[in-house]
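This report describes a single protein chain and the side-chain contacts found in it. The sequence and the structure are shown first.

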Amino acid sequence: MTPQPIDNYRLTSLEEPTDEMLAQLMHEAAEEARESNHAATERFFEEIKRAAASY
């Protein structure tokens with residue numbers, strides 16, 4: 001079984017991911033979630049500032 005680069009691996013593959021690949025996938029997913037959460041938090045507080053300014 002040849003190792004696949006992480007960019008080519010799909011969880012639907014018939015081959016099990018290595019522990020290293022799984023750790024990298026989980027790390028990337030966590031990083032994406034962190035970035036998305038940060039952006040959503042910024043949008044939320046900007047909206048609150050706009051709403052407060054309109055009163």
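## An exposed lysine and its partner

K49 has a relative accessibility of 53% and therefore counts as exposed, the cut-off for that class being over 50%. The model is a predicted one, and the values reported here are computed from it.

The side chain of K49 meets that of E46 in a salt bridge, with a distance of 3.6 Å from N to O. E46, at 38% relative accessibility, is classed as partly exposed. Both K49 and E46 belong to helix α1, where three residues, or about one turn of the helix, set them apart.

## Overall architecture

The secondary structure of the chain consists of one helix and zero strands. Helix α1 covers residues 19-53.

Of the 55 residues in the chain, 5% are buried. The accessible surface of the chain amounts to about 5100 Å². Carbon and sulfur atoms account for 57% of that surface.

## Further salt bridges

How many salt bridges does the chain contain in total? The count is three, and the pair K49 and E46 is one of them.

Another salt bridge joins E47 to R50, with 2.9 Å between N and O. These two residues lie three positions apart in helix α1, so about one helical turn separates them. E47 has a relative accessible area of 44% and is partly exposed.

E31 and R34 also form a salt bridge, their closest N and O atoms being 3.0 Å apart. Both residues are located in helix α1, again with a spacing of three residues, about one turn of the helix. E31 is partly exposed, its relative accessible area being 31%. R34 is likewise partly exposed, at 48% relative accessibility.

## The aromatic pair

Which geometry does the pair of F44 and F45 adopt? A search of the whole structure yields one aromatic pair. It is formed by F44 and F45 in an edge-to-face arrangement, with 5.1 Å from centre to centre and 75° between the planes. The pair counts as edge-to-face because the angle of 75° falls in the class of planes over 60 degrees apart.

Neither ring belongs to a buried residue: F44 has a relative accessible area of 48% and is partly exposed, and F45 is partly exposed at 46% relative accessibility.

## The nonpolar surface patch

F44 and F45 also take part in a nonpolar patch on the surface, together with I48. The accessible area of these three residues together is about 300 Å². I48 is situated in helix α1.

Why can I48 belong to such a patch? I48 has 40% relative accessibility, which makes this residue partly exposed. Patch members need over 30% relative accessible area, so I48 satisfies that requirement. The values of 48% for F44 and 46% for F45 likewise place both residues in the partly exposed class.

Definitions and conventions
Residues are numbered from 1 along each chain as its sequence is written. This is a predicted model: local features need pLDDT of at least 70, side-chain atom pairs count only at pLDDT 80 or more; totals for chains, interfaces and linings use all residues. Side-chain values use heavy atoms; hydrogens and water are left out. Helices (H or I, at least four residues) and strands (E, at least two) are DSSP runs, numbered from the N terminus. Buried means under 20% relative accessible area, exposed over 50%, partly exposed in between (1.4 Å probe, protein chains only). Accessible areas come from the Shrake-Rupley method with a 1.4 Å probe; for residues, only the protein chains shown count as cover. Patches are made of residues with over 30% relative accessible area and no salt bridge: like charges are joined within 9 Å, nonpolar side chains (Val, Leu, Ile, Met, Phe, Trp, Tyr) within 5 Å. A salt bridge is a side-chain nitrogen of Lys or Arg within 4 Å of a carboxyl oxygen of Asp or Glu. Rings of Phe, Tyr and Trp (its six-membered ring) pair if their centres lie within 6.5 Å; planes under 30 degrees apart count as stacked, over 60 as edge-to-face and the rest as tilted.
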